[in-house]
Structures are given as C-alpha cells and as structure tokens.
Amino acid sequence: FPKFINLPRNWLHQGISYMDSGELTTRLLVETLQFFFILFIFYILFPKSPFIFLAMISFLLVHTWNWLTNNLFWSLMIFTFPSLRNPGALLTVDYLNKMRDRISKTNCISGIAIYGSVSRGMWHERSDIDIRFLRRPGLFSLLCAALVTMRERFQAFLSKQPMDLFLADNIDFLKKMRSDEIPLLIICRDERLQSLYPGCKEKSINITDLIGEF
C-alpha cells in the first residue's frame, strides 16, 4: 500500500531536501510569510481561540496549499496510483511549448533542460516530465526565477501535468542528473549549459520527441 507511505511522507517534506539552496531559501521564506498572514487573519477572526491551535491550523493549511500547488503533485499521484495516466502526448507537447513561450519572455531563467524518459526516448503514458530550470546569477534573478518556478508548478497542477520541476542555482545542480541522459534544451541562453552539454541546441518540442517516429 504505497499510498499510505508516499502521501504523508511527501506532504511532510515536499521535495525540500532536494532543492538547490536558492530555491530552498525562497520556498521557506514564502511559506513562512503565508503562515504568518493566515495566522494573523485567524487571530483577527477568532481572538479568543488558543494561539497554539490557530498556529497549528495555519501551518496545516499553508503546508497543504503548497503541497498541492508548489510541489510535484501529479508526479506523486501517478507514482502512487497505478491506474492514473498523464494527459497524453499531444497535450504534453502543447503544454511544454506553451511553457517555453511563457518563460522565454523573462530574463531570469537562462536554461530549461528536460531529462528522464523524454531525453532517453522512453516516454509513455505513465511518465512524468523531469525539468530543471537554470537561473542567472544574482539576488534579483533568484527571486524572479523562484516566482516563475512556483507559477509553473501551479500551472502544472491546474493542467494535471506530472512535472518533476526544480530550480538550479548553478551548473553543479544539473550534474546530479543521470550521466547517460543528454537533455532536450528548450531554452539555452547560457554558456554554462553549452559547456556541460556540447553540441546541444535550443529547440521546440514535437510529438516525435516523446513517442518517436510513426
């Protein structure tokens, strides 16, 4: 019964232990601000309630909200429930290209690399999409890229797209990926990516990238 282990464990840690330091810092900051905002609202509405009770309810609400909207929710669901499927090749290709168009309008993210079953040519109906964003250096780029990453996780949640998505501060984070996976680079505006993956070129995603030639 993996769901009895996967769901509470994932709700608790939400991939925080895997995050790069920049994303981890901003995630903790955002969730802390959300917590104090909700706690303040509850304290105004229910001033006679015990403070510890209001704090516990605020934490549960905020942590659950982030578990749904700022996490790898549909990847977890597909991994946990064998009957679930991803939205299919056509919708996945359309989603990835629209995501590429959205992010290409920003300057804080200099690279998007797709790994996993897509890069190995083994994508199937229960695959998720392993994506890593590479941000530009600097504090402003970190804040901007973290917000963009949160937005894309929320968009994936609404679209029921299983996304394994994390934000990299530098190229060392990408070296954690499998060495036999040459990623598809749908945005490549960074010489660090070009030096790590010589010969890789920026491209849009098409149906044959997922399911091969007909």
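Within strand β4, Leu184 serves as the bridge partner of Ile114, helices (H or I, at least four residues) and strands (E, at least two) being DSSP runs numbered from the N terminus. Strand β1 (residues 109–115) pairs with β4 in the antiparallel sense over 4 bridges, where two strands count as paired if DSSP finds at least two bridges between them. The model is a predicted one, in which local features need pLDDT of at least 70 and side-chain atom pairs count only at pLDDT 80 or more, while totals for chains, interfaces and linings use all residues. Residues are numbered from 1 along each chain as its sequence is written, and side-chain values use heavy atoms, with hydrogens and water left out.

Strand β1 is also joined by 6 bridges to strand β2 (residues 129–135), with the two running antiparallel, and Asp130 in β2 is the bridge partner of Tyr115. An open sheet of 4 strands results, in the order β3-β2-β1-β4 and with mixed pairing. Because β3 (163–168) and β4 stand at the edges with a single partner strand each, one side of each is left without a neighbour in the sheet. Strand β4 (residues 184–188) is nevertheless largely enclosed by the rest of the structure, because 5 of its 5 residues are buried, that is, under 20% relative accessible area with a 1.4 Å probe and protein chains only.

Phe173, located in helix α8 (residues 171–174), is likewise buried, with a relative accessible area of 3%. Apart from its neighbours within four places in sequence, Phe173 is in contact with Tyr18, Met19, Asp20, Arg132, Phe166, Leu167 and Ala168, contact meaning heavy atoms within 4.5 Å.

Key
Buried < 20%, exposed > 50% of the residue type's maximum accessible area, 1.4 Å probe, protein only.
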